Amino acid sequence: MNYPVWQLDFFGGGLLVILIAVFHVYISHFAVGGGLFLVLAERKAHRENNPDILAYVRKHARFFLLITMVAGSMSGVGIWFIISLLNPAATSILIHTFVFAWASEWVFFLIEIVSLFLYYYTFGRMEHRRHQLIGWIYFGSAWMSLFLINGIIGFMLTPGNWLQDSNFWSGFFNPSFWPSLFFRTFFALIIAGLFGLVTATWIKDAHLRITMVRFCARWLLLPFLFFVASGYWYRAALPPELQQMIFARMPSMRLFVDGFFLCSPVLVLGGLLLAIRLPAGLSRSLAVLLLLLGQIYMGCFEFIREGGRRPYIIRDFMYSTSILTKDATRFQSEGLLRTAKWTRNQEINETNKRAAGRELYNLLCLSCHAIDGPMRDIKKLTAPYTPSGLDAMISGLHIFHRAMPPFTGSVKERGALATFIAHGLNGRSDPTPVQRAEKKVEIPPFDPKTDQFVLLAWSPLGMHSVAEVKGLLSLIPPGNTLQAQLIQRGETPEIVNQGVTLSYQMEDGFAGADEKTALSGVMMPEEDVFATEEKALFFVSKQGFDPYPVVTIEARDENDVLLATTKAVAPVPAEMGCSNCHGGSGGLNDRAGLSRATALNILETHDRFSATALLPAALSGKAIRCQSCHADPLFRAEGDKARLNLSASIHGFHANYLRGRGAEACAFCHPSSPTGATSGLRDIHTAVGLDCTNCHGGIEDHALGLLRHEQQEGKGQVNELMAHLTPNSSKSLDKIAPRKPWINQPDCLHCHVDYQPPETDTVTNTWTKDEQSLYRHRTDESGRLFCAACHSSPHALYPAENLDGAQLNALQPLQYQHNPLPLGSNRNCAVCHTVAMEDEMHHAHILRDFRNE
Amino acid sequence: MDSAALIPTPDAIPVSWGWFQFFLLLTFFLHILLMNVMLGTAFIAFVSHFRRKAQTTPCTEVISGNLPFAIAFAVNFGVAPLLFVQVLFGHFIYASSILMAVFWLSIVALLAGAYALAYVYKYRYAQLGSSQLLVSGLITLLLLAIAFFFANNISMMQAPTSWTRFFDQPHGLLLNLADPMLLPRYLHFMVSAVAVGGLAIALFFHWKQKKGDQGAGPWVTYGCRWFSYATMLNFAIGLWFLVALPKEILTTSTATGLLLLVTLGGGIVLAAPAIIFGLASRVMPAIVCILATVALMILARSLLRTALLAPWFSVSQLPMSPAYSPLFFFLVFLVAGLALIVWMIRFARRSCTEEGEVHL
């Protein structure tokens with residue numbers, strides 16, 4: 001953070017280095033191998049006493065001189081220039097550490113120039129052995145240049161003991177020095193053959209042409225075995241984690257690794273083809289093609305080497321961002337803009353946020369990413385993200401993207417960077433707080449003097465989300481049920497479960513999954529409770545976005561006489577935050593539902609990280625259902641036993657991007673935000689200031705609990721997901737209780753012990769022991785009246801309130817007791833009991849005043 | 001914005017700064033001579049092509065034949081001082097290079113273009129005909145542009161107060177045109193190049209003359225005249241440069257100031273007889289005088305940098321992390337390499353038979 005950053009957009013991401021370096025590396029290896037080629041070709045001419053061959057060698061020497069001196073040395077200077085412009089800090093380290101290696105290389109460069117000029121300009125004027133001696137001196141000095149540069153380049157990839165002792169020799173003779181030297185030497189010989197083929201195929205005399213083409217082809221074929229062997233040695237010399245990174249973990253490397261392995265047999269085959277007699281035109285074309293292929297071959301190798309080094313420019317010492325690894329933590333706590341020398345915006349406020357983001361981009365991203373350019377274009381890569389989504393992504397970027405360094409700035413700086421990229425470059429914004437008009441519902445009448453029945457209905461799923469694109473991807477299919485209990489009022493009220501029919505009718509404007517079916521039907525009795533069959537509900541009515549469809553339930557006797565009517569909401573919390581990071585729009589008003597573009601991005605991301613082929617399968621018409629592979633107790637889906645269950649997998653992965661964010665992390669994906677369109681967490685606990693984490697724990701604990709369960713099941717893949725998650729309720733991972741999704745959940749009684757006011761507002765790591773212990777299955781002391789009948793759905797406990805106002809979420813209390821409190825609160829037993837009640841029933845302390853009215 | 005706060009923190013050097021200063025001055029001296037020969041002879045060739053062909057062909061042909069060598073060696077000898085300047089002043093020159101990155105990087109393309117054209121000029125000299133003027137003009141123009149960018153970078157690296165402009169122009173498009181020293185400095189170097197180029201032509205034909213070439217005499221005079229007139233002109237430009245220097249630099253109250261005055265004075269004093277020798281076509285004495293002048297001027301240039309950077313930095317402040325064994329190996333390579341080069345040249349000269357005869 002010492003130097004100014006040359007602000008490049010299109011040319012950012014190291015494009016200029018690549019343009020110069022890939023070309024230079026090819027020529028410079030030619031300059032080494034070509035030297036040996038010249039002397040051995042000249043020796044052949046003299047041995048065979050063949051003046052035609054000698055004339056060819058002389059011509060080739062001129063070609064060699066022009067190529068290596070003009071293109072080679074100028075592009076070599078170019079590399080010096082460009083690396084100091086794009087990464088001055090790393091260049092400075094290389095210069096200061098290896099100054100005498102560079103200086104020695106300069107000496108050999110000088111010898112190269114003198115000897116090459118002498119070799120070419122004395123061609124035919126000197127006794128041949130003496131002339132060849134000059135050629136040998138040239139080759140020796142060129143190879144020594146390779147020897148010296150190889151030490152420095154190898155140091156960047158495998159600095160070895162230099163990291164500990166800072167010793168010149170440790171860095172120079174680093175772990176990959178020798179294999180790399182041999183690898184490059186054999187590569188240089190092959191390249192010499194490739195260039196030789198180009199000049200040889202231009203020889204007019206057919207006999208001489210085939211002689212020299214075969215001679216050149218041998219330069220491809222003979223060193224090849226040694227080249228391959230040294231390649232394996234080179235690979236084996238790399239630290240295991242580096243090998244894994246290059247050959248297994250980085251999908252972006254695949255193209256170059258495949259390219260390299262594909263080019264090898266093609267080059268050999270090309271060499272063999274040319275060794276047979278081909279028409280001149282064809283052999284010329286093939287020679288030029290092979291030369292270009294050689295450039296690609298070299299390019300692939302250099303990309304693999306450079307790419308494998310990422311996220312470092314000097315491995316384990318300096319990141320590609322020029323930040324020393326030892327400084328990363330300090331910059332995270334102190335902030336980068338304040339620490340870097342060449343910044344204008346050292347403090348971030350609302351007015352300079354974008355400008356500061358640009359400065360952070362220059363410091364942290366520009367070295368590897370272009371804006372609208374060909375090198376890892378940041379706009380394309382971040383197109384799916386909203387500013388807050390990108391902020392989350394950046395916070396965990398290094399965990400699964402092994403080529404990325406950790407973000408080395410403060411949290412505020414991370415936000416500014418995300419804003420600059422996602423909003424400034426891509427024009428995306430975070431969803432703004434929703435202003436929805438309060439939904440008014442006509443409350444059914446209830447006369448406590450005359451009405452004999454109380455009908456109670458609720459949704460057993462409080463914040464059950466919907467995430468499905470029909471025919472493409474189903475994460476959570478739309479579906480909800482209502483449950484109801486009919487109570488006959490009296491001195492001893494009775495739960496009625498026979499001789500009555502309960503029916504339901506969705507409010508106008510909503511339709512079923514096929515978008516035609518009217519949502520109405522009969523509720524089926526299940527002992528004391530009536531339930532709708534699971535219905536696919538959608539959040540869009542003819543009136544627009546509405547996550548809380550109102551359902552009217554009626555109870556009639558066998559003579560179809562209406563006994564009771566009530567209303568309840570059947571929540572459709574479809575406000576998934578997938579589009580924060582997976583692109584597309586969030587459905588209606590950019591807020592709810594899963595769009596096709598989002599689903600495609602999710603599938604593509606899954607394929608990229610898990611080496612699956614879901615996207616092509618989906619595009620070919622096969623709908624992807626997550627539960628097909630990942631077990632999900634909610635849907636009784638067994639999944640593939642070897643894989644993580646769906647909750648563990650999703651939370652385990654995404655938690656790495658949402659660490660340290662409290663309840664905000666939950667609202668990234670779930671409809672729990674109090675300012676969200678759904679405001680799904682709408683019960684009394686929200687009103688008293690609690691949030692998701694008070695009951696569920698922070699995202700780290702939440703994910704770790706799920707992952708620990710899978711770990712106990714012997715699923716080793718959890719280790720990678722858990723590696724960067726630190727428990728937030730405890731210092732020890734062992735204290736995180738393993739849990740199974742949808743079964744081991746928080747429960748009211750964990751805080752409200754014995755139905756008493758809670759002594760704490762937070763209980764984490766304590767879960768229901770089995771499915772039957774869940775709130776939605778719990779009944780009162782009689783074992784017949786469901787808790788939810790009087791208290792409502794999970795996350796909507798009375799008195800519940802959100803953007804829709806207090807009425808919508810407390811329809812039945814308002815109907816039966818003209819207040820939004822739990823039914824029977826403040827000793828209002830008269831809702832069901834026609835005589836005054838003095839004894840506690842249903843649960844302990846029921847006769848107490850409601851505390852949070 | 002405080003310019004001092006922008007100066008990057010330097011990395012540690014492995015041996016005492018004096019070594020690097022020595023190598024920097026030595027290799028820069030060699031580089032500047034070769035650069036002068038390259039640019040000066042290219043310029044002279046270009047101007048010569050305005051005259052009637054027959055009058056100048058012997059000279060321009062020689063220049064065309066040798067220009068690629070001059071470029072090759074000028075570049076090679078430019079690498080070493082660029083390396084050593086990065087060791088001592090990397091934190092200044094990296095910053096200034098980035099500020100003018102577009103121009104700085106364009107040097108590579110300009111140089112490659114000039115080099116390629118030099119080979120065209122050499123190998124297609126006869127075929128070029130009247131296009132010789134165009135090609136030599138282009139080469140000269142490219143080399144002059146490169147030199148201008150170099151002068152800008154050196155000017156900017158020595159003036160951290162000019163760096164704050166980066167915040168309004170971060171695209172690498174800054175030059176330091178506001179520096180009053182820039183233009184006289186650039187012209188001083190360029191006219192020197194023409195002078196030394198002239199002298200190089202004179203020296204070449206002087207050798208030919210010594211080998212018995214009867215027609216070489218006028219070209220010795222031709223080269224010497226270029227040298228002398230250019231050097232005379234350089235007195236005036238040098239005076240302009242002197243006037244443009246910050247007043248506080250030229251002082252006897254500091255060691256740097258005093259040394260600067262002494263080296264400048266020595267250089268000026270030695271340049272006068274060089275002109276006279278040049279006018280008298282006495283090549284070798286002129287060369288001796290001008291080599292001494294160039295050496296003194298390079299010292300003066302280094303002292304000027306020391307003085308300009310004094311408020312910000314001194315090489316003696318560089319942290320050191322001692323590692324002498326690599327220096328030892330470099331010295332061995334350097335001595336052995338130079339010996340090998342000398343041996344090779346002598347070996348080649350001894351071994352060469354008459355031109356055109358091919359040994360099989």
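Author: Welcome! A residue is called buried if 20 or more other C-beta atoms lie within 10 Å of its own, exposed if 12 or fewer, and partly exposed in between, with C-beta atoms placed from the backbone. Helices (H or I, at least four residues) and strands (E, at least two) are DSSP runs, numbered from the N terminus. This is a predicted model, in which local features need pLDDT of at least 70, side-chain atom pairs count only at pLDDT 80 or more, and totals for chains, interfaces and linings use all residues. Residues are numbered from 1 along each chain as its sequence is written, while chains are lettered from A and ligands numbered from 1 in the order in which they are written.

Reader: Which residues of helix 3 of chain A are buried?

Author: Helix 3 of chain A covers residues 88–97. It is mostly covered, with nine of its 10 residues buried. The buried ones are A:P88, A:A89, A:A90, A:T91, A:S92, A:I93, A:L94, A:I95 and A:T97.

Reader: Is A:P265 buried or exposed?

Author: A:P265 sits in helix 11 (residues 251–275) of chain A. Because A:P265 has 10 C-beta neighbours inside 10 Å, the residue counts as exposed.

Reader: Where is A:H845, and is A:H845 buried or exposed?

Author: A:H845 is found in the segment after helix 32 (811–817) of chain A. Most residues other than glycine have a negative phi. A:H845 has a positive phi of about 60° although it is not a glycine. Since 11 other C-beta atoms lie within 10 Å, A:H845 is exposed.

Reader: Which peptide bond has omega near 10°?

Author: Most peptide bonds are trans. A:P311 lies in the loop between helix 12 (280–309) and strand 1 (312–314) of chain A. The cis bond with omega near 10° leads into this proline, from A:R310 to A:P311.

Reader: Which strands stand at the edges of the open sheet with the order 4-5-15 in chain A?

Author: Three strands make up this sheet, and their pairing is mixed. Two strands pair if DSSP finds at least two bridges between them. Each edge strand has a single partner, so one side of each is left without a neighbour in the sheet; these are strand 4 (467–469) and strand 15 (624–625) of chain A.

Reader: Which residue stands opposite A:E468?

Author: Three bridges join strand 4 of chain A to strand 5 (residues 473–476) of chain A, and the two run antiparallel. Opposite A:E468, in strand 5 of chain A, stands A:S474.
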